[in-house]
Amino acid sequence: MGCEITTRDRAGVINPMYDCQPAGAQYAGIGLKDAIPLVHGGQGCSMFVRLLFAQHFKENFDVASTSLHEDSAVFGGHMRIQEGLLTLARRYPKLRIIPVITTCSTEVIGDDVEGNIKYAKDQIEKEFPGREIYIYAVHTPSFKSSQVGGYTECMLSTWKDIAKQKAEPTGKVNIFPGWVNPGDVVLLKHYLKEFGVEGDIFMDTEDFDSPMLPDKSIHTHGRTSVEDIKASTGALASISLARYEAASTVDYLKNSFGVPGHQISAPYGIANTDALLQKISEITGKPIPDSLVHERGIALDALQDLAHMFFANKKVALFGHPDLVIGLAEFCMEVELEPTLLLLGDDNTRYKKDPRILAMKDKVAWDMEVVCNADLWELEKRVKDPAKKFDLILGHSKGRYVAIDAKIPMARVGFPTFDRAGLYRHPTMGYRGAMLLGEQIANAMFTHMEYTREREWLLNTW
């Protein structure tokens, strides 16, 4: 019994688990208000990413492209950057932020992105005197890292370009949850409101779940403004909930402006949510409100109804973003599920030394394997191994065919999720998220029991 931490032993990737760095940078970019990311690369580098966003959220998002062609590979794509930036400035008079996101092709070509941005800024200043647009490079070659690294890079580049001086004290708390759904952003805002604490969630993606208004307009955009980013330098403290997607920006605020930074585990499950609320209480001096104690009790009661009877000793395979996978593994252990396989899908060497994984390694009383730089072929190979038996898969929709082929129930969580309706508006974090996820897991198992007639009699006696 024990935990083994390994790395994929193949050079090639079969059925990738993550998307590329530019995809992550674009997700961070669309979380900004009055912003349109400009992807410096081929048309597909933005088109296919926008398709992913549309599949997941069932909404459309503005992402521009320099749309490089073969001639740019020979002569460089610098003119496309300049033309793209000027076109955006002319077409969108309220535009305030343009992250210029590089791709593998433009990084290989070696385009001087910063130099072209400076030239375009000068041209914009001549054409629109006094107008300020924050334009900055986000270097995200897709031949290394993943959407996780791209999200991180865009966040840090955004803060470095916009947050350049110390703001007056705001008394607010900065919360950086990483790549999460609108439902999680709404939940975190709810916690701050119950505490009576002012704070900002970066990025604020609540409006990704956009209303359809009486005038038939649809407002799908990020809420994080230039003013919010500048004010973050005067915050009471910053809390990073994602070690691999948010910590570098929190460190920047700490090192550059003296904003105290706190790294805690992503609040998946009861114990991690307890830690978040305790940290907010510690920072602000306010006690945890009774309303949240009540929410905790509701979640505990709901999970207790399921844990021992249905979840005990069930083997789980998890894949997705590292902070999500590790947090879900900790949640599984709380409800008597056994996280047996954890797949982390890029070349980040820090995963093997993650203190949360090392802590689980000391706790597990079963065989657990953590595979770094994994792909979905690693999942398929293991769940079809006759020597292993998995009772559940937790991950995003790209693993659905593995689950179907292996006849293993699967609960959808993470990005992208496109074969279940509305999951993006439900939290996975917090007490409510733990309760909803527990019930989703149970319902996946119940449906599987019905179709396979395996221990179906249990459902009649429950």
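**Helix packing, cysteines and selected residues in a predicted model**

Helix H1, spanning residues 21-29, is mostly covered, with 9 of its 9 residues buried, where buried denotes a relative accessible area under 20%, exposed over 50% and partly exposed in between, for a 1.4 Å probe and protein chains only. Helices (H or I, at least four residues) and strands (E, at least two) are taken as DSSP runs and numbered from the N terminus. The model is a predicted one, in which local features need pLDDT of at least 70 and side-chain atom pairs count only at pLDDT 80 or more, while totals for chains, interfaces and linings use all residues. Residues are numbered from 1 along each chain as its sequence is written, and side-chain values use heavy atoms, with hydrogens and water left out.

The buried residues of H1 include Gln21, Pro22, Tyr27 and Gly29. The buried residues of H1 pack against strand S2 (38-40), helix H2 (44-57), strand S4 (97-102), strand S5 (134-138) and helix H7, contact being defined as heavy atoms within 4.5 Å. Helix H7 comprises residues 147-162 and contains Ile162, a residue that is buried with a relative accessible area of 4%. Leaving aside neighbours within four places in sequence, Ile162 is in contact with Ile97, Tyr134, Val226, Ile229 and Lys230. The C-alpha atoms of Ile162 and Met429, which lie 267 residues apart along the chain, are separated by 29 Å.

Ile229 also appears among the contacts of Thr224, which, neighbours within four places in sequence again being left aside, further include Gly31, Leu32, Lys33, Ile201, Phe202, Met203 and Asp204. Thr224 is located in the loop between strand S7 (199-201) and helix H9 (226-231), and counts as buried because its relative accessibility is 1%. The side chain of Thr224 reaches the backbone nitrogen of Asp204 at 2.9 Å.

Helix H4 (residues 78-91) and helix H6 (residues 113-127) pack at an angle of about 35 degrees, with their axes 9 Å apart; axes are lines fitted to C-alpha atoms, for helices over the stretch in contact, and angles run from 0 to 180 degrees between N-to-C directions. The crossing of H4 and H6 is right-handed, meaning that the near helix is turned clockwise from the far one by less than a right angle, whereas an anticlockwise turn would be left-handed. Residues of H4 including His78, Ile81, Leu85 and Arg90 meet residues of H6, among them Val113, Ile117, Tyr119 and Glu127. By class, this contact has 9 nonpolar, 4 polar and 2 charged residues, with Ala, Val, Leu, Ile, Met, Phe, Trp, Tyr, Cys and Pro counted as nonpolar, Asp, Glu, Lys and Arg as charged, and the others, Gly among them, as polar.

Glu295, found in helix H12 (residues 290-311), is partly exposed, with a relative accessible area of 22%. Its side chain is joined to that of His190 by a polar contact of 2.5 Å, a polar contact being a pair of N or O atoms within 3.5 Å of which, within protein, one must be able to donate a hydrogen and the other to accept it, and for which residues adjacent in sequence count only if both atoms are side-chain atoms. Not counting residues up to four places away in sequence, Glu295 touches His190, Tyr191 and Tyr431.

The structure holds 0 disulfides, a disulfide being a pair of cysteine sulfur atoms within 2.5 Å. The sulfur of Cys45 is too far for a bond because the closest cysteine sulfur, in Cys104, is 5.8 Å away. Cys372 is likewise in no disulfide, the nearest cysteine sulfur, that of Cys3, being 9.7 Å away.
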